[in-house]
Structure formats: structure tokens, C-alpha cells
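Welcome to a short tour of the empty spaces in this model and the helices around them. Please open the structure in your viewer and keep the selection panel at hand.

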Amino acid sequence: MSDSNLPAVVTSDPALNRRAALGLLGKVGLGAAAFGLSGVARAAPAKNIDADVLNFALNLEYLEAAFYLAAVGRVDELRRIGGGAEIRLPAGLDQSRGMTFKDSAVQALARDIAEDELQHVKFLYGALGKAAAPRPVLDLNGAFRAAGQAASGGKITGFNPYLNDLFFLHGAFIFEDVGVTAYNGAATLITNPAYLQAAAGILAVEAYHGGAIRTMLYQQRQVTAAAGLYVGQVVQAISTLRGKVGGMKDMGLTDSRGMAVFAPADSNGVAYPRTTREVLNIVYLAPGAAKGGFYPNGLNGTIK
């Protein structure tokens, strides 16, 4: 199929844009739309793995959507997509109302990102159709406690990202940079320009999220977060842990010169890419694991 036969993707109507993108998935096939996460960055795509790659991305979007939707009292909307697998949340969280925000700016950010992540799930789930992987069991309770303890060397126990605004931002920090590096890991897999534009748009949204969260955390970097640690120290600990298991492709709120880092990038100013294995090491909270962490039973699909 030549490019001249493809429908236009970009219009002034976001709903039409989404329908056009879904139409492209049907007309050209999933192969050109495997924009999320290949096993090896910059490698030629293997045959017949298109749905597998998209399902890997969908698994990650399920997790991000659950985190943000729970914060704003909309997690039941995700429960209606992808089956009835358990979404584990802290016992004290009101799932119909969400957490109590004190800062209206943080609340506005949470609501905006929650909507974006829900739409990412709907987009991928709709594009895959009957081939869509069901939603796996997601742990946003014990996994956060384990992550907080690991990142702080045991100093922080019982970490709950829904306890207050600052903890919520720390929880969001754990996810957002991972999503950006994962999507960037296979940018060269896209062969169709229309898909490249759509993928670049999704990656840009994830990067916007990460930048906004980093900005809010940087503004409070000298505020005590927990266990006598400053925000900047906690964020750096999270970054160090992610880097250790995820390919040393990470940065805290400041670099070695003490300069602020709102957009983590290599020496060329290019966002880091991660392979699927590096991403799994982070979300499973253990290098080489087949399950665990935020996915107690593992991801669903072939790439897991």
C-alpha cells in the first residue's frame, strides 16, 4: 500500500484523529504500528511480533492508568477494560473519591495525566481488538512499599503514594521516565510515516508528564520527604535504583554539576532508550525476574 492510499491522520478534531489512527491500524497492519517496545533498540523488527509488541506497551499502560486513575477516584473505569484481574491498592484509599490533594496544581496534573493514560489504554486495546492482552494483576500497594524500601536502603518503610501530594509525585516519578525510555527504545521500528507521527505524539505526551512531575519535585527538592531524607535525595535514590537494574539510563533532579534536570538525556541531548528486558527489570523490581513487583503474576502476552 502506498502512502497516497492512506487516510489523513491529523485533523482539528482529537476524536477524529483517534478514529483515523485506528483505521490505519486496520488498513496497513499492526507491523508499522509496533511503536512501543521491541526487545532490542535500533534492531530490524522480527516477523510476526507486531501484536506482541503492542501488547507489551498495553501492559505498561494498564499500570500507569491504574496508578493515576486510582489517585483521582476513577479506577473503576479501568476495571471495565481488559477483564477482571485484581488491582491492588492501599486499604485506606477511597476508590470512589481518590486521594485527598492539598495542592490544586498537583490535583490538576493528576487528573490530566489520568485521562491521558486511560485514553492510551483504550487506543491500544481497541487497535489490537481480539488480540489484546487481558489486564494483568497490578500491585500498587505492596510493590510501592518494596520500591520505597529498596530505593532508600531500608530507611523508608510502608511507602504509600496516595498518602499526600508529595508522595504521589514520588510515585509518579517511578513510572514516567520508564515509559519515555521504553517507547524511545524502538523508535526505528516504525516504517510508516503516519505511524511515526502517531508514535511521536504518544512519546511526547509521556515526556510532558515526566517533565511536569520533575518540575514539581525540583521545586521541593530541599523539603524533607520521609525518614529524614530530602526530596532530592529520595528522587536520586529512585533514579539510582532504576539505573542499576535498567541499563544505567537514568538521572535524578540534578546532574553531576548540580544543574537541574527536567528532561533526562544523554550527552547529545537525546532521551535514553531501554530494551524490554531493562523495562521488566524495573517494573518487576528485580533483574532477570519473570514476575513480581508491580506485576505479581507477570505481564500478559508473549513479551513478559
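Two cavities of 30 Å³ or more turn up here, a cavity being a set of points on a 1 Å grid over the protein atoms alone where a 1.4 Å probe fits but cannot get out. The model is predicted, with local features needing pLDDT of at least 70 and side-chain atom pairs pLDDT 80 or more, while totals for chains, interfaces and linings use all residues. Residues are numbered from 1 along each chain as its sequence is written, and side-chain values use heavy atoms, without hydrogens or water.

Select L60, F175, V178, G179 and V283 first: of the 13 residues that line the largest cavity (an atom within 4 Å of a point), these lie nearest its centre. Its volume is about 120 Å³, counted as the space filled by probe spheres set on the points. Helix 6 gives the largest share of this lining, five residues.

Stay with helix 6 (165-184) and add helix 8 (231-245). Their axes, lines fitted to C-alpha atoms over the stretch in contact, are 11 Å apart at an angle of about 30 degrees. The two helices are therefore roughly parallel (angles under 35 degrees). At the contact (heavy atoms within 4.5 Å), show H170, F173 and D177 in helix 6, and I238 and R242 in helix 8, which are among the residues that meet.

Which residues should you select for the second largest pocket? Closest to its centre are A147, A150, A151, L241 and L285. This pocket, an open set with protein on both sides within 12 Å along at least five of seven lines, has a volume of about 290 Å³.

Technical notes: Helices (H or I, at least four residues) and strands (E, at least two) are DSSP runs, numbered from the N terminus. Axes are lines fitted to C-alpha atoms, for helices over the stretch in contact, and angles run from 0 to 180 degrees between N-to-C directions. Angles under 35 degrees count as roughly parallel, over 145 as roughly antiparallel, 65 to 115 as roughly perpendicular and the rest as oblique.
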